[in-house]
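Here is a short report for a reader who is new to this structure. Please look over the sequence and the model before reading on.

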Amino acid sequence: MSKRLCVSTNAKTIPNDTDPLRCCCTECGKGEECTSAACVACSACLPGFYKAFVGVDACVPCPANTFRTARGATELAACVPCHPAASTEGRAGQSRRDACVCDVDHYAEAGVQEPVCVVCPRAALCEADGVCLLRERTGGAQEGQMSLIHISEPTRPRLI
């Protein structure tokens, strides 16, 4: 157990036997940090964060385009990459899979267990929120009139 003069609020404070007016600190382990100013215990890194070394430093956020759902990550590899054609839109420290959103011109395929971003079909209208609308030629009163079919939710296309 390493002891030294506390200079960080991210360390566990313990009494100093030689000078009771000064403190020493015990470094928190991998996957742990101390978040209170008068730290008396280390706690696991929050979801979306990790700490790969023993020390007084705080946990660091998982990088952009990754997420971590559980507490106490001890390495960068614990941050899970977003699925292909998806990103966190530059946000780091994400703690939920749904922080990964489909890229432009892609939509989230519904009804699948693992998220999948699919390229919107040619001539479809793909919106920023991942909704993809497909143009459909109709044979109504005006020949050649177009209607839109919503293809990204629910799993079966529907006219809108």
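The report goes from the whole chain to its salt bridges and then to two loop residues.

**The chain as a whole**

This is a predicted model. The chain has 17 strands and zero helices. It counts 160 residues, and 33% of them are buried. The accessible surface comes to about 9900 Å². Carbon and sulfur atoms account for 54% of that surface. Contacts between residues at least 6 apart in sequence can also be sorted by separation. Of these, 33% join residues at least 24 apart.

**Salt bridges**

How many salt bridges does the structure hold? There are two. Side chains of opposite charge can pair when their charged atoms come close.

One salt bridge links Arg 91 with Glu 89. Their closest N and O atoms are 3.3 Å apart. Is Glu 89 buried or exposed? Glu 89 counts as exposed, with a relative accessibility of 52%. The cut-off for exposed is over 50%, so a residue at 52% passes it. Its partner Arg 91 has a relative accessible area of 36%. That makes Arg 91 partly exposed.

The other salt bridge joins the side chains of Arg 96 and Asp 98. Here the N to O distance is 2.4 Å. Asp 98 is partly exposed, at 47% relative accessibility.

**Two loop residues with positive phi**

Which residue in the loop between strand E9 and strand E10 is placed there with partner strands at 80–81 and 86–87? That residue is Ala 85. Its phi is near 65°, a positive value in a residue other than glycine. Ala 85 has a relative accessible area of 25%. The residue is therefore partly exposed, as buried would need a value under 20%.

Asp 105 is not a glycine either, yet its phi is positive, at about 65°. Where is Asp 105 found? Asp 105 lies in the loop between strand E11 (101–102) and strand E12 (106–108). Its relative accessible area is 47%, and Asp 105 is partly exposed.

**Accessibility by residue**

The table collects the residues discussed above that have a stated value.

| Residue | Relative accessible area | Class |
|---|---|---|
| Ala 85 | 25% | partly exposed |
| Glu 89 | 52% | exposed |
| Arg 91 | 36% | partly exposed |
| Asp 98 | 47% | partly exposed |
| Asp 105 | 47% | partly exposed |

Methods:
Residues numbered from 1 in each chain as written. Predicted model: local features only at pLDDT ≥ 70, side-chain atom pairs only at ≥ 80, totals over all residues. Heavy atoms only, no water. Helix = DSSP H or I, 4+ residues; strand = E, 2+ residues; numbered from the N terminus. Buried < 20%, exposed > 50% of the residue type's maximum accessible area, 1.4 Å probe, protein only. Contact = heavy atoms within 4.5 Å. Areas by Shrake-Rupley, 256 points an atom, 1.4 Å probe, with all protein chains shown as cover. Salt bridge = Lys/Arg side-chain N within 4 Å of Asp/Glu carboxyl O.
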